[in-house]
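Trainee: Could you walk me through how the labels on a structure like this one are earned?
Mentor: Gladly, let's take them step by step.

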Amino acid sequence: AEADLGHGFGVARQRRQLVGFGFLTLALGGRVSAQTPSGAAQLTSASALPRPWSDASGDRRRGQNFALRVTNSMGTLGTALAALLKEQLQLKTKLGKETVEHEQRTASKERLMAEFRNGFFCSGCMQTKSQILAKGEQFPHPGQRVVAPTQAQIDKKDKELQRPIDTLAASIARAKPRLDDLAGRVAVGKEQLAAGASLWRTSHTYWRLAYERGRMEQEAALRQRVVDTERAAQQSAETPLSESVTAAKREEERAFWAQLIEKQQAALTDFTDQYMEELAEINRTRLSQQRTLLDILARDPLNKEVSVTVVSQPASRGQRPSLLGEPYRMGSIVAPPPGAVGLPVLTPLADVAAFVADFKAYRGVLAEESQPLSLPPTAPSSRPIIDPRLLDLP
């Protein structure tokens, strides 16, 4: 019982494990005796109560596990995207500086070569007039003179001035394809963060849906059990007295049915308690994971470059799969092909696509989407199905 209802949320009290989910024989003395009324065996046996709750437990764990996988992989994705953004920023800064320097050196070369060809250079150091004056030195240097250059000297000077320009041009040429690649990867990474936030929301909604489905079906079964027991008690009370049904026997049966109804109603109350406890844990997990995702998005430089909202309200099964997180690839950033325009259309991961499809087709509603079941007339006042203080819902 603990494995079915707890799945990692702590150890429930033994009484709630047994009584709350109908696995305890609720007859006098803990089992049906030969003196108990006819029909009591069926109402108190473990097999009399269906177990749809355990049928939904696999779905609850599936939603829980998907939410955890998404949360963990979003950390990996955030780290990878932050590294890409930092590299992109550094490369853009470097490229900008090199582009400016390339333009300046190209313009300077044209000016210096014009001076060199016209003889405005020192015959000793072969520096132009502008280069020498820029150092605060005398032109030409003492003992030197201004001379007309030969073609060999012009070619040598041209190569000297062109060499750093070519180095910058090569660096710029290497940076541009890498910047294009980074831009594509960054765009995919940002899209993946948004898809991950959507899939996380879908996972928690799936988890809640599975939980509510099991809860509502089990609660209905527990309530119906009370009704059936009350009906059997009424039939017992209306049976005429006879040799086999004496007044003493009638009183014994009345006490039996009263105790059985009391225990069944206590089981319903305990079931509601256990539901509230697990619902509170689900919400604590949701809020904790939401804070984790927000912390990821608050990292530098994601906080400056990425705009993603982590929505905690339930997702709608009527939304398109793409809005439910189907494109999310569990933390990986797939580089778009060279020359691609816009974001690439990625094939969804098989398990993610199946999860989203199952979510869209999942039957059941959240408690806030439905009216609570009414109690049978003799049942005690029920507690709220959901404590609004535990929910961050509209």
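**Reasoning from values to labels**

Mentor: Let's start in helix H6 (residues 151–238), where Lys157 and Glu160 sit three residues apart, about one turn of the helix. Keep in mind that this is a predicted model.

Trainee: What makes the contact of Lys157 and Glu160 a salt bridge?

Mentor: The N to O distance between their side chains is 3.3 Å. A salt bridge needs a Lys or Arg side-chain nitrogen within 4 Å of an Asp or Glu carboxyl oxygen, so the pair qualifies.

Trainee: Why is Lys157 called buried?

Mentor: Its relative accessible area is 3%, and buried means under 20%, so the label fits. Glu160, with 35%, is partly exposed, because that value falls between 20% and 50%.

Trainee: Which salt bridges does Asp181 form?

Mentor: Asp181 meets Arg178 at 2.7 Å, N to O, and it also pairs with Arg185, with the closest N and O atoms 2.9 Å apart. Arg178 is three residues from Asp181 in helix H6, while Arg185 is four residues from Asp181 in that helix.

Trainee: How do you know whether Asp181 is buried or partly exposed?

Mentor: Asp181 has a relative accessible area of 24%. Partly exposed covers the range between 20% and 50%, so Asp181 is partly exposed.

Trainee: And why does Glu98 count as buried?

Mentor: Glu98, in helix H4 (residues 52–117), has 12% relative accessibility. The cut-off is under 20%, so Glu98 is buried. Its contacts include Leu168, Ser171 and Ile172, leaving aside residues up to four places away in sequence.

Definitions and conventions
Residues are numbered from 1 along each chain as its sequence is written. This is a predicted model: local features need pLDDT of at least 70, side-chain atom pairs count only at pLDDT 80 or more; totals for chains, interfaces and linings use all residues. Side-chain values use heavy atoms; hydrogens and water are left out. Helices (H or I, at least four residues) and strands (E, at least two) are DSSP runs, numbered from the N terminus. Buried means under 20% relative accessible area, exposed over 50%, partly exposed in between (1.4 Å probe, protein chains only). Contact means heavy atoms within 4.5 Å.
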